[in-house]
Amino acid sequence: MDLGQVLANGIVLGALYACLAVGFSLVWGVLNVINMLHGSFIILGGYLTFFAWHLFGVHPLLMLPVVGALLFCLGYFLQAVFINKVVTAPVLTTLTLTFGLDMILYNFMTVYFSATPRQVTLDLGSIDLFGIYLPNERLLGMALALLLTGLLFVTMRSSSIGRAIVAVRMDRFAAALMGIKVNRIYAITFGIGALMAGTAGALFALVYPVTTNLTGIFLGKAFVVCVIGGLGSVPGALVGGLALGLIESISGVVFGPQHSLTVGFVVMLVLLVFRPTGLVGVKGYE
Amino acid sequence: MLKTSHAKTRSALLTSIALTCGVSVALAASAAGAQETVRIGAPLALTGGLADEGKKQELVYKMWEEKVNAAGGIEIDGQKHPVEIIEYDYQTDGPRAGQLAERLINEDDVHVLMSPFGSGHTKIAATVGQRYRIPTIACVASSESVYTQGNPYLFGTLSPNAHMTEAMVTYLKDKVPGLETVAVYGRDDVFPKSMAEATVKAAEDQGLEIVYNQLYAVGTMDHAAGISSIVAAEPDWIYVSGYTQDLIVIRRQLADLGAKAPIVTMVTGPAYVEFTEALGDLADGISSQTWWHHSVDYEGEGAWKTTDEFYQDFMEASGGQDPDYIHGSCAGALVMLEDVLKRAGSLDGEAIREALASTEITTFYGPIDFGENGMNQARDLPIIQVQGENIEVLYPESIATAEIKLLNE
């Protein structure tokens with residue numbers, strides 16, 4: 001089989017993985033919260049995009065900012081009202097809280113949207129690039145995923161909110177002494193995490209049928225990407241996502257599709273033992 | 001004063017005795033007039049990952065309950081008994097399905113259990129039924145491993161997977177000249193894996209060459225690697241077994257990566273309306289196997305005497321949605337239960353079990369004939385194909401509505 005096709009498949013998939021994991025990584029790295037809601041946020045973004053397209057004919061690209069804004073508000077609200085109350089407690093407390101919130105959101109979506117797989121069908125065809133077939137929907141998804149991840153990277157580095165988030169991540173006590181409202185930054189960070197998850201879900205709905213049954217799988221992917229790439233940074237999620245996409249694609253051909261996910265987990269375990277910071281992670285966030 | 005008080009006490013005592021006797025007589029008379037309700041327990045996955053499937057079961061259970069009660073109930077030993085389906089949501093949590101089965105038996109005194117969706121959860125609920133000698137009817141469990149546990153109280157209306165795959169290979173070899181090679185790609189999960197294995201065996205037994213045979217892991221989001229290998233092998237027939245969301249992606253990627261096979265079979269893709277709705281034109285030409293499709297035409301006894309009668313009632317109850325094999329099998333199981341209870345002549349668990357074991361009837365769902373392991377042994381299961389906007393039945397010939405159409409023709 002053509003190596004170029006294998007690599008292209010891996011890169012396209014990896015970009016989407018990066019987009020879905022970057023919000024999870026940010027929340028974990030800055031707030032030290034393992035956000036069990038992340039998979040449900042992705043599916044909610046996918047459902048909102050699908051139903052807007054299916055019922056009202058709204059183009060998925062127009063829905064991206066709407067989904068992002070809605071999910072940001074939801075994330076901000078949940079952090080400000082619930083999670084901030086226990087954010088300094090041991091990680092197991094926040095994990096349990098987000099797990100409970102996830103059960104509510106998950107069952108809400110299952111009851112009102114049903115678990116039926118939904119996919120936005122744009123039928124954009126595919127291009128043949130020197131014998132490498134690339135479906136245009138996947139290319140579009142990849143390009144937008146990279147764009148969103150890039151925007152987040154620029155925001156984190158150059159905006160005052162981004163600098164405040166980085167400051168809180170480095171030392172929340174010092175940040176508070178500098179006049180940064182830490183709880184507000186926590187809520188904004190969680191909102192950004194939800195925004196990235198929702199928009200990733202909207203992009204996934206272009207290439208993959210979304211259903212509530214996938215929340216656990218998306219959450220698992222986010223974990224692996226964070227461990228491979230490194231926690232708390234945009235480049236970490238990008239490198240981790242692309243690495244996981246390529247690992248799954250190459251191992252699917254070398255070892256068979258049955259073992260492609262296993263290989264991803266093996267790489268994660270090896271990194272946990274020998275390089276807990278991940279490939280490009282910052283020391284102290286492992 | 002003392003004498004008056006004694007007289008009052010005696011009078012009150014007599015009144016109490018008279019009242020007690022009166023109430024007892026009235027209760028006894030009432031019990032003699034009303035027949036015992038047939039109670040059927042149903043742990044259902046109404047929330048959680050299998051909520052869609054659980055709701056499908058719930059819908060036909062309610063349809064049947066209303067229809068049977070409207071007709072006065074089921075006649076058992078010369079008297080009509082109303083029916084009641086008692087359901088609990090087990091939240092797609094296997095152990096909870098077992099706990100609720102226990103509650104249905106011990107607290108709600110059900111006479112029969114309808115099993116939850118899928119082979120794994122059926123196994124859990126059926127084990128509880130066996131412990132209390134209450135028959136369990138499984139309408140959506142097809143893996144033979146569920147029925148080889150030595151549970152004489154478990155009966156399933158779906159036929160073994162091998163019955164489907166053998167018929168499929170035989171049919172295709174007969175109808176498609178030059179069919180020589182097949183690629184098999186299945187999800188590494190109980191049902192899809194057993195279907196993939198059964199297809200490989202049936203294909204080898206009938207002289208087809210297997211040019212690709214791989215499983216994909218649960219949670220695989222991209223099938224490009226597997227599909228690229230399939231395309232390179234240039235098979236005449238591509239057989240994929242999985243669940244709807246996987247099959248939609250695989251069908252798209254088959255088209256994106258230039259697969260040219262004249263026959264593409266996806267189990268149980270076209271059996272679900274979600275598959276054809278999501279794929280649109282790409283669903284055209286995809287064949288499948290299923291235990292039941294509403295295009296079939298069987299006649300029998302019970303609440304719904306013909307497939308069409310069930311279909312019309314279902315369309316009304318569901319607001320215009322087509323039924324799939326889950327609806328058909330579960331409604332068929334309850335129609336069969338009417339016949340079983342009549343033959344059992346009582347609501348005793350052992351009597352019902354014996355009547356179930358000797359079942360051999362045809363319902364609107366098709367023939368039901370339980371083998372030694374309690375699984376329906378009916379053969380001639382439908383092969384279907386999406387042709388344009390319709391689902392056509394290709395096999396068995398007695399109910400076929402079209403000939404097979406090859407892809408890329």
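In the predicted model, A:G68 is placed in helix α3 of chain A, which covers residues 60-81. With a relative accessible area of 4%, A:G68 is buried, because burial is assigned under 20%. When residues up to four places away in sequence are not counted, A:G68 touches A:L195 and A:T199. A separation of 8.5 Å is found between the C-alpha atoms of A:G68 and A:I192, although these positions lie 124 residues apart in chain numbering terms, that is, they are 124 residues apart along the chain.

The length of α3(A) was compared with the value expected for a helix. For its 22 residues, a rise of 1.5 Å a residue gives a span of 32 Å, and the end C-alpha atoms are 31 Å apart, which agrees. Besides A:G68, the buried residues of α3(A) include A:P60, A:M63, A:L64, A:V67 and A:L71. Further along the helix, A:G75, A:L78 and A:Q79 are also buried. The partners against which the buried residues of α3(A) pack are α1, α2 (38-56), α4 (91-113), α5 and α8 (182-207) of chain A.

Two of these partners, α1 and α5, also pack against each other in chain A. Helix α1(A) comprises residues 3-31 and helix α5(A) residues 136-158; the angle between them is about 35 degrees, and their axes are 8 Å apart. The crossing is left-handed. On the α1(A) side, the contact is made by A:I11, A:V12, A:A15, A:L16, A:C19, A:V22 and A:L26. On the α5(A) side, it is made by A:R138, A:L139, A:G141, A:M142, A:A145, A:L146, A:L148, A:T149, A:L152 and A:M156. By residue class, this contact contains 14 nonpolar residues, two polar residues and one charged residue.

Helix α5 of chain A also contains A:N136. Leaving aside residues up to four places away in sequence, A:N136 touches A:L124, A:G125, A:S126 and A:I127. The C-alpha atom of A:N136 is 14 Å from that of A:A15, and the two residues are 121 residues apart along the chain.

The cysteines of chain A that were examined include A:C19, one of the α1(A) residues in the contact with α5(A). A:C19 is buried, with a relative accessible area of 1%. The closest cysteine sulfur to that of A:C19 belongs to A:C226 and is 13 Å away, which is too far for a bond because a disulfide requires sulfur atoms within 2.5 Å. A:C73 is likewise in no disulfide, the nearest cysteine sulfur being that of A:C19 at 18 Å. The relative accessible area of A:C73 is 51%, so this residue is classed as exposed, the cut-off being over 50%.

Over all chains, a search of the whole structure finds one disulfide. The bond joins B:C139 to B:C330, with an S to S distance of 2.1 Å. The torsion about the S-S bond is about 70 degrees, and the disulfide is therefore right-handed. Distant parts of the chain are linked by this pair, whose members are 191 residues apart. B:C139 is in the loop between β6 and α5 of chain B, whereas B:C330 belongs to helix α12 of chain B, residues 325-344. B:C139 is buried at a relative accessible area of 0%, and B:C330 also counts as buried, at 0% relative accessibility.

Chain B as a whole contains 13 helices and 16 strands. The C-alpha trace of chain B spans about 110 × 40 × 40 Å along its principal axes. Of the 409 residues in chain B, 57% are buried. Among contacts in chain B with a separation of 6 or more, 67% are between residues 24 or more positions apart.

Within chain B, helix α4 (residues 119-131) was treated in the manner of α3(A). At 1.5 Å a residue, the 13 residues of α4(B) should span 18 Å, and the end C-alpha atoms are 18 Å apart, in agreement. The buried residues of α4(B) are B:S119, B:H121, B:T122, B:A125, B:A126, B:V128 and B:G129. These residues pack against helices α3 (94-106) and α5 (144-147) of chain B, and against strands β5 (112-114), β6 (136-138) and β7 (154-156) of that chain. After α4(B) comes B:R133, with a positive phi near 60 degrees.

Conventions: Residues numbered from 1 in each chain as written. Chains lettered and ligands numbered in written order. Predicted model: local features only at pLDDT ≥ 70, side-chain atom pairs only at ≥ 80, totals over all residues. Heavy atoms only, no water. Axes fitted to C-alpha atoms, helices over the stretch in contact; angles between N-to-C directions. Helix = DSSP H or I, 4+ residues; strand = E, 2+ residues; numbered from the N terminus. Left-handed = near helix turned anticlockwise from the far one by under 90°. Contact = heavy atoms within 4.5 Å. Nonpolar A, V, L, I, M, F, W, Y, C, P; charged D, E, K, R; others polar. Expected span 1.5 Å × (residues − 1). Buried < 20%, exposed > 50% of the residue type's maximum accessible area, 1.4 Å probe, protein only.
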